[in-house]
Amino acid sequence: MAWEYGKYQCGHEGRTQVYGKVSLRANKAEKHFENNLCSDCWKEKIKAESEEGQQGLPELEGSVKQVQWAKSIRAKHSGSEFVKECTSAAEIIDRRFDL
Ligand SMILES: [Zn+2]
């Protein structure tokens with residue numbers, strides 16, 4: 001196992017841990033950098049995507065943690081009428097298995 005350094009899709013430099021035969025490591029690392037974003041850009045992307053899923057949906061009531069959790073449930077079940085209308089984060093969390 002070794003660290004390989006390279007440039008991600010987003011243009012940022014980073015490093016990745018590569019396992020396997022020495023002769024294959026460089027190739028594996030190259031693929032990894034080609035196909036991925038650095039961890040900062042990845043987090044930004046996930047955040048933007050989960051916020052996109054909230055468009056047109058009502059504000060949720062609850063603790064910060066509940067609201068975050070409920071939003072991720074909403075993003076997964078965006079087709080559910082209940083999820084589109086419910087404004088209680090706790091209720092969405094309670095019913096997450098019935099959606
Ligand atoms: Zn980046």
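Two strands are said to pair if DSSP finds at least two bridges between them. With that in mind, I should like to present this chain, which is a predicted model.

I begin with the strands. Strand 1, residues 2–7, and strand 2, residues 13–18, run antiparallel and are joined by six bridges. Within this pair, A2 stands opposite V18 in strand 2. The two strands form a hairpin, with five residues between them. In the turn, G11 has a positive phi of about 100°. How many of the six residues of strand 1 are buried? The count is zero, and strand 1 is thus described as hardly covered.

Let us turn to the domains. The domain assignment of the chain gives domain 1, residues 2–42, and domain 2, residues 54–98. Taken over C-alpha atoms, the centres of domain 1 and domain 2 are separated by 36 Å.

Next, helix 2, which comprises residues 39–52. Why should helix 2 span 20 Å? It has 14 residues, and the expected span follows because each residue is taken at 1.5 Å; the end C-alpha atoms are 20 Å apart, in agreement with that expectation. Helix 2 is also hardly covered, since the count of buried residues among its 14 residues is zero.

Finally, the nonpolar core. Which residues make up the largest nonpolar core? There are five in all: L60, A70, V83, A89 and I92. V83 deserves a further word. Leaving aside its neighbours within four places in sequence, V83 is in contact with R74, H77, S78, I92 and L99. I92 therefore appears in both lists: it is a member of the core, and it is in contact with V83.

How values were computed
Residues numbered from 1 in each chain as written. Predicted model: local features only at pLDDT ≥ 70, side-chain atom pairs only at ≥ 80, totals over all residues. Domains from an automatic or database assignment. Buried ≥ 20, exposed ≤ 12 C-beta atoms within 10 Å, placed from the backbone. Helix = DSSP H or I, 4+ residues; strand = E, 2+ residues; numbered from the N terminus. Expected span 1.5 Å × (residues − 1). Core = buried A, V, L, I, M, F, W, Y, C linked by C-beta atoms within 7 Å. Contact = placed C-beta atoms within 7 Å.
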